[in-house]
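Welcome, and thanks for taking a look at this one with me. Below are some notes to help you find your way around.

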Amino acid sequence: MSNDEVFFLCLLTGAKEIIGIKNPIDGLSEEEAKEKWHEVSKSLYDKKMIYSNDNGDIHINDMYAKISAAISFPNIVFSYTTEEGTENCIYIKGQIYLRLERGEECEIKIYEDRNEFIAFLNQVFMFSSCENDISMEITTENMDKSLELFMEENIEGAVEIFEKAEIDKDVANVVLDVFVNNTTSKCFMGHKRNKEIPSQVILKTVKTEEGTWIFKILDNNMKICKYNIEKSLAEVMNF
């Protein structure tokens, strides 16, 4: 499917805001937007993604209705960019699990099997086993200060900020080194819509030989943790 086809399917579904899909009519005049709709709707009809009933009402075929519903009204969305520069999104809506890879075309996969989807999540977040749980919290302001000192090679000053937050200095050293120097990492933006006030989270996962670290920014705090695979997945979903 093209980006434009996904976008207009979502509009037909009733979406007001669409995460992960470019708006092809942004900046167009009303007449140009109508022309774009006619162009894309012809493609949607030709591919049998949509059809009209005897009354002329437009309907979306079942499989594509499921796709557009998940993208239009997700409970949770995670967006991230791969090493190849591909922008991907993961949409969760009830029991609908969907992955979208956005290149010249949008490649979409629906996971019918929940266990297969969980295995995919564990892979994309790079979760791995670890012997001992580690968890701590620090304000984003203090984390920024500590990282700045660490990058200036003022290790003592950087670690001291963690110590003031009652975090062991040896653990702080490891955390800062992992955050700055480990290249096996991914960043994610999470959006949650199933609450009265939508929430957002910024995540960075870093895989090491000792396990996968999660750096999770929510509001003005950063939670830093290293858990087993099952607990790690629960952590990134909790925001």
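**Notes for a first look**

1. The buried residues of helix α1 pack against α2 (30-46), β1 (50-52), β2 (58-60), α3 (62-72), β5 (96-102) and β6 (106-111). Please keep in mind as you read that this is a predicted model.

2. Helix α1 itself covers residues 3-13, and 8 of its 11 residues are buried, so the helix is largely enclosed by the rest of the structure. Those buried residues are Asn 3, Asp 4, Glu 5, Val 6, Phe 7, Phe 8, Leu 9 and Cys 10. Just after the helix comes Gly 14, with a positive phi near 105°.

3. Helix α3 is a good next stop. Its buried residues are Tyr 64, Ile 67, Ser 68, Ala 69, Ala 70, Ile 71 and Ser 72. They pack against α1, β2, β4 (87-93), β5 and β6.

4. Now to the surface. Leu 12, Tyr 45 and Ile 58 make a nonpolar patch of about 230 Å² there. Ile 58 belongs to strand β2. With a relative accessible area of 37%, Ile 58 is partly exposed, because buried would require a value under 20% and exposed a value over 50%.

5. Which residues gather in a patch of negative charge on the surface? They are Glu 156, Glu 160, Glu 163, Asp 168 and Asp 170. Helix α6 (residues 155-164) gives the most to this patch, with 3 residues. Asp 168 sits in the loop between α6 and α7 (169-181), and at 44% relative accessibility Asp 168 counts as partly exposed.

6. Two residues are worth a check of their backbone angles. Met 126 has a positive phi of about 65° although it is not a glycine, and Glu 153 likewise has a positive phi of about 65° without being a glycine. You will find Met 126 in the loop between α4 (114-124) and β7 (134-139), while Glu 153 is in the loop between α5 (140-151) and α6.

7. Are these two residues buried or exposed? Met 126 counts as buried, at 12% relative accessibility. Glu 153, by contrast, is exposed, with a relative accessible area of 69%.

8. Val 124 lies in helix α4 and is buried, with a relative accessible area of 5%. Leaving aside neighbours within four places in sequence, Val 124 is in contact with Tyr 80, Ile 90, Lys 186 and Phe 188. What is the C-alpha to C-alpha distance between Val 124 and Glu 30? These residues, 94 apart in sequence, are 40 Å apart in space.

9. Asn 173 lies in helix α7. This residue is partly exposed, with a relative accessible area of 32%. Not counting residues up to four places away in sequence, Asn 173 touches Phe 150, Ile 155 and Val 159. Between the C-alpha atoms of Asn 173 and Glu 105 there are 44 Å, and the two residues are 68 residues apart along the chain.

10. To recap, here are some places to revisit in the viewer. Look at helix α1, largely enclosed by the rest of the structure, and at the nonpolar patch of Leu 12, Tyr 45 and Ile 58. Then turn to the negative patch, to which helix α6 gives the most.

How values were computed: Residues numbered from 1 in each chain as written. Predicted model: local features only at pLDDT ≥ 70, side-chain atom pairs only at ≥ 80, totals over all residues. Heavy atoms only, no water. Patch = residues over 30% accessible without salt bridge, like charges linked within 9 Å, V, L, I, M, F, W, Y side chains within 5 Å. Areas by Shrake-Rupley, 256 points an atom, 1.4 Å probe, with all protein chains shown as cover. Salt bridge = Lys/Arg side-chain N within 4 Å of Asp/Glu carboxyl O. Lys, Arg positive; Asp, Glu negative; His and termini not counted. Charge placed at Lys NZ, Arg CZ, Asp CG, Glu CD. Helix = DSSP H or I, 4+ residues; strand = E, 2+ residues; numbered from the N terminus. Buried < 20%, exposed > 50% of the residue type's maximum accessible area, 1.4 Å probe, protein only. Contact = heavy atoms within 4.5 Å.
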